[in-house]
Amino acid sequence: ILAFILEVTFVARLVDAPEAGTIITFMAERDFVLYDLFDLRVRDDQTLFQADAVFVPQNSPLRS
């Protein structure tokens with residue numbers, strides 16, 4: 001696998017849905033690291049609440 005693209009939430013809106021920190025830790029435990037964020041979504045008060053996150057393997061050439 002070269003990369004995963006996952007939607008992550010910074011402010012939980014669904015019951016029992018994992019927030020970004022939980023997902024980042026989950027991926028890191030599997031040797032994938034956060035590489036990029038895109039499609040940032042903000043609330044009316046300009047608080048970031050969701051984004052698409054790209055995770056790549058720890059040893060990916062994209063990180064060199």
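**Talking through the patch, the core and the charged pairs**

Colleague: Which strand gives the most to the nonpolar patch, and with how many residues?
Modeller: Happy to start there, with the reminder that this is a predicted model. The patch lies on the surface and is formed by Phe10, Ile24, Leu34, Leu37, Leu40, Val42 and Leu48, with about 520 Å² of accessible area together. The element that gives the most to the patch spans residues 32–42 and supplies 4 residues: strand E2.

Colleague: Is Phe10 buried, partly exposed or exposed?
Modeller: Phe10 sits in the loop between strand E1 (4–9) and helix H1 (20–28). Its relative accessibility is 31%, and the band from 20% to 50% is the one in between buried and exposed. Phe10 therefore counts as partly exposed.

Colleague: And Thr9, is that one buried or exposed?
Modeller: Thr9 belongs to strand E1. Leaving aside neighbours within four places in sequence, Thr9 is in contact with Glu19, Ala20, Phe49 and Gln50. The cut-off for buried is under 20% relative accessible area, so Thr9, at 14%, counts as buried.

Colleague: Let's go inside. Which element gives the most to the largest nonpolar core?
Modeller: That core has 7 residues: Val8, Ala20, Ile23, Met27, Phe32, Ala53 and Phe55. Two elements give two or more residues to this core, H1 and strand E3 (48–57). With 3 residues, the one that gives the most is H1.

Colleague: Which residues of helix H1 (20–28) does Phe55 touch, not counting residues up to four places away in sequence?
Modeller: Phe55 is itself a member of the largest nonpolar core. Its contacts include Leu2, Ala3, Phe4, Leu6, Phe32, Val33, Leu34 and Tyr35. Helix H1 covers 20–28, and from that stretch Phe55 touches Ile23, Ile24 and Met27.

Colleague: How many residues apart in sequence are the parts that the aromatic pair ties together?
Modeller: The structure holds 1 aromatic pair. Phe4 and Phe32 form it, edge-to-face, at 5.0 Å centre to centre and 75 degrees between the planes. Phe4 lies in strand E1 and Phe32 in strand E2, so the parts tied together are apart in sequence by 28 residues.

Colleague: Which partner of that pair is buried?
Modeller: Buried means under 20% relative accessible area. Phe4 has 29% and is partly exposed. The partner with 14%, which is buried, is Phe32.

Colleague: On to the charges: how close are the N and O atoms of Arg41 and Glu7?
Modeller: Side chains of opposite charge can pair when their charged atoms come close. Arg41 in strand E2 and Glu7 in strand E1 link distant parts of the chain, 34 residues apart. Glu7 is partly exposed, at 48% relative accessibility. In this salt bridge the closest N and O atoms are apart by 3.1 Å.

Colleague: Which residues are linked in a network of salt bridges?
Modeller: A search of the whole structure finds 5 salt bridges. Arg41 pairs with Glu7, and Asp39 also forms a salt bridge with Arg41, with the closest N and O atoms 3.5 Å apart. The network links Glu7, Asp39, Arg41 and Asp52.

Colleague: Last one: in the salt bridge of Glu29 with Arg30, which residue is exposed?
Modeller: The closest N and O atoms of this pair are 3.5 Å apart. Arg30 has a relative accessible area of 42% and is partly exposed. Exposed means over 50%, and the residue at 58% is Glu29.

How values were computed: Residues are numbered from 1 along each chain as its sequence is written. This is a predicted model: local features need pLDDT of at least 70, side-chain atom pairs count only at pLDDT 80 or more; totals for chains, interfaces and linings use all residues. Side-chain values use heavy atoms; hydrogens and water are left out. Patches are made of residues with over 30% relative accessible area and no salt bridge: like charges are joined within 9 Å, nonpolar side chains (Val, Leu, Ile, Met, Phe, Trp, Tyr) within 5 Å. Accessible areas come from the Shrake-Rupley method with a 1.4 Å probe; for residues, only the protein chains shown count as cover. A salt bridge is a side-chain nitrogen of Lys or Arg within 4 Å of a carboxyl oxygen of Asp or Glu. Buried means under 20% relative accessible area, exposed over 50%, partly exposed in between (1.4 Å probe, protein chains only). A nonpolar core is a set of buried Ala, Val, Leu, Ile, Met, Phe, Trp, Tyr and Cys residues joined through side-chain atoms within 4.5 Å. Contact means heavy atoms within 4.5 Å. Rings of Phe, Tyr and Trp (its six-membered ring) pair if their centres lie within 6.5 Å; planes under 30 degrees apart count as stacked, over 60 as edge-to-face and the rest as tilted.
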